[in-house]
Amino acid sequence: MKLYGAARCHKTQDYRMFFDVEKNGDYAEELRGLYENRKLNFQTITIGKKKLRNSTDKDLNKWFVKPSQIKQSS
């Protein structure tokens, strides 16, 4: 999933708030359930059983971008 938007856009802010575990108790509980310590370990992305936490841009590209989409530098 990718969200493209701008900080000034109210709809972008709505979408960001939707996924904010500090604002959504149900999502906070789901996130706690992913970790034995039951803490809100932020920036966690799940796809199936895979879990990505505190990712870099390189990590995200590996997960979300097909190799054929990555521009090769000349």
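User: Between which two helices does the loop that holds Asn24 lie?

Analyst: Asn24 sits in the loop that runs between helix H1 (10-18) and helix H2 (25-32), where helices (H or I, at least four residues) and strands (E, at least two) are DSSP runs, numbered from the N terminus. This is a predicted model, in which local features need pLDDT of at least 70 and side-chain atom pairs count only at pLDDT 80 or more, while totals for chains, interfaces and linings use all residues. Residues are numbered from 1 along each chain as its sequence is written, and side-chain values use heavy atoms, with hydrogens and water left out.

User: Why is Asn24 called buried?

Analyst: A residue is buried under 20% relative accessible area, exposed over 50%, and partly exposed in between, with a 1.4 Å probe and protein chains only. Asn24 has a relative accessibility of 19%, and therefore it counts as buried.

User: What makes the approach of the Asn24 side chain to the backbone nitrogen of Tyr27 a polar contact?

Analyst: A polar contact is a pair of N or O atoms within 3.5 Å; within protein, one atom must be able to donate a hydrogen and the other to accept it, and residues adjacent in sequence count only if both atoms are side-chain atoms. The side chain of Asn24 reaches the backbone nitrogen of Tyr27 at 3.2 Å, and a polar atom of that side chain also lies 3.1 Å from the backbone nitrogen of Asp26; set against the limit of 3.5 Å, both distances therefore fit.

User: How do you know that Glu29 and Arg38 form a salt bridge?

Analyst: The rule asks for a side-chain nitrogen of Lys or Arg within 4 Å of a carboxyl oxygen of Asp or Glu. The side chains of Glu29 and Arg38 meet at 2.3 Å, N to O, so the pair satisfies the rule, and the count by this rule comes to one salt bridge. As a general point, side chains of opposite charge can pair when their charged atoms come close.

User: Are these two partners, Glu29 and Arg38, buried, exposed or partly exposed?

Analyst: Glu29 has a relative accessible area of 41%, and so it is partly exposed; Arg38, at 39%, is therefore partly exposed as well.

User: What is notable about the phi of Arg38, and where does this residue lie?

Analyst: Arg38 is placed in the loop between H2 and E1, and its phi is near 60°, a positive value in a residue other than glycine. Most residues other than glycine have a negative phi.

User: What makes strands E1 and E2 a pair?

Analyst: Two strands pair if DSSP finds at least two bridges between them. Strand E1 (residues 44-47) and strand E2 (residues 50-53) are joined over four bridges in the antiparallel sense, so the condition is met. The bridge partner of Ile47 in E2 is Lys50, and in this hairpin, which has two residues between the strands, Gly48 takes a positive phi near 60°.

User: Why is Ala28 called buried, and which residues is Ala28 in contact with beyond its sequence neighbours?

Analyst: Ala28, found in helix H2, has 4% relative accessibility and therefore counts as buried. Apart from neighbours within four places in sequence, Ala28 is in contact (heavy atoms within 4.5 Å) with Val21 and Leu40. From C-alpha to C-alpha, Ala28 and Leu40 are 6.8 Å apart in space, although 12 residues separate them in sequence.

User: How do Thr12 and Arg16 of helix H1 score for accessibility, and what are they called?

Analyst: Thr12, which lies in helix H1, counts as buried because its relative accessibility is 7%, whereas Arg16, also found in helix H1, counts as exposed because its value is 52%. Leaving aside neighbours within four places in sequence, Thr12 is in contact with Leu3, Tyr4, Gly5 and Ala6.

User: What does the whole chain look like, and how confident is the predictor?

Analyst: The chain has three helices and two strands, running α-α-β-β-α from the N terminus on, and buried residues make up 12% of its 74 residues. Confidence is given as pLDDT, a score for each residue from 0 to 100; the chain averages 80, and 84% of the residues score at least 70. Among the elements, H2 has the highest mean pLDDT (88) and helix H3 (residues 57-64) the lowest (80).
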